[in-house]
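Student: I would like a close look at a single helix and what lies around it. Please take it step by step.

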Amino acid sequence: MVTVVDKTAEGTKLRSRHPEKAHRPDTPVLRKPDWIRVRAPGSNVYGETEGIMRENRVVTVCEEAGCPNIGECWSQKHAAMMILGDTCTRACAFCNVRTGKPGPIDPEEPVNVAKSVAALGLNHVVITSVDRDDLDDGGAEHFARTIKAIRKYAPGTTVEVLTPDFLRKEGALKVVVAAKPDVFNHNLETVPSKYLTVRPGARYFHSMRLLQQVKELDPTMFTKSGIMVGFGETRNEILQLMDDLRVADVDFLTIGQYLQPTRKHHAVMRFIPPDEFKSLETSAYSKGFLLVSASPLTRSSHHAGDNFAKLQANRRTMVR
Ligand code: SF4
């Protein structure tokens, strides 16, 4: 999800940010094609967004994952917030979020996040988190508290959660669903054959079942999932994954290009050209998704507010 390959002082930064990756051999870095070009950060509104985040001590996935869309999103005051701290207990091969032993949960975080949502004036907000395998409930209660705080401080804002998989956290999913987010997102990230190398701490069928259970618990809740492409997966594997998601009754699929954070992360095996994304989008729609976003710079939270409005409109059209 990241644009920057950190060459200067890479060793030092990796040791502090991704200690488990520091000993790995370097992977080759492919030159980015012309179609991966983004707006540079730096507008006045970007500065205002940054100020609100700092003032409320809110962590954002936009910054932690080094998202390429930050210049565009923050210039419109669209920020995706990350709760449960800034340190992840997993060590996925694609992700730039800091890994290690996290500190205690900040009890003020739900209210601080909610105040930021109100200050930004967001119609729709995406709340995600690091993985917290160290917590008994995986952080589910904290998600629920954050949703409730947003309902209180920003009652006009719709809420989308992008959760971890809550692997081996009995009852955690029910707690988040009971807090009634408007959209429940859990990203599969990649096709099953790549899990061992890309997402080794996770299980494909557990993630798929999690999405299916959301719909069983609340059939009215919109469900969403996303993958990155460029890990060496085949088209047929992506089509199979789409079929699996439809069996789980998932409404919305996002597909974006994987970008390599550092030389120690998984290599980009291929940059998928825009016309292939278009073709995947067409195939996904033919399988019955309510909404599909597939492009090189698609990210789960990119244009999430506009996409939520489209989801609602498309459901209304289908129900008639
Ligand atoms: S796409 Fe999502 S993560 Fe990236 S900058 Fe925009 S809101 Fe943040």
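Tutor: What follows looks at one helix, then at the strand that packs against it.

The model is predicted. The helix is α9, which covers residues 204-217 and has 14 residues. From its first C-alpha to its last, α9 reaches 20 Å, close to the 20 Å expected at 1.5 Å a residue.

Which residues of α9 are buried? They are S207, M208, L210, L211 and V214. Seen down the axis of α9, these buried residues fall within an arc of 150 degrees, so they line one face of the helix. The spacing fits a general rule. An α-helix has 3.6 residues a turn, so residues three or four places apart point the same way. On the other side of α9, F205, H206 and E216 are exposed.

The buried residues of α9 pack against two helices and two strands: α7 (172-178) and α10 (235-247), together with β5 (183-185) and β6 (222-229).

Take β6 next. Eight of its eight residues are buried, so to speak of it as mostly covered is fair by the definition of buried. From β6, F222, K224, G226 and M228 point one way, while T223, S225, I227 and V229 point the other way, and all are buried.

Strand β6 also has partners. With β5 it pairs in the parallel sense over three bridges, and N185 stands opposite K224 in β6. With β7 (residues 252-257), β6 runs parallel and is joined by six bridges. There, V229 stands opposite Q257 in β7.

Definitions and conventions
Residues numbered from 1 in each chain as written. Predicted model: local features only at pLDDT ≥ 70, side-chain atom pairs only at ≥ 80, totals over all residues. Helix = DSSP H or I, 4+ residues; strand = E, 2+ residues; numbered from the N terminus. Expected span 1.5 Å × (residues − 1). Buried ≥ 20, exposed ≤ 12 C-beta atoms within 10 Å, placed from the backbone. Arc of directions from axis to C-beta. Contact = placed C-beta atoms within 7 Å. Pairing = 2+ DSSP bridges.
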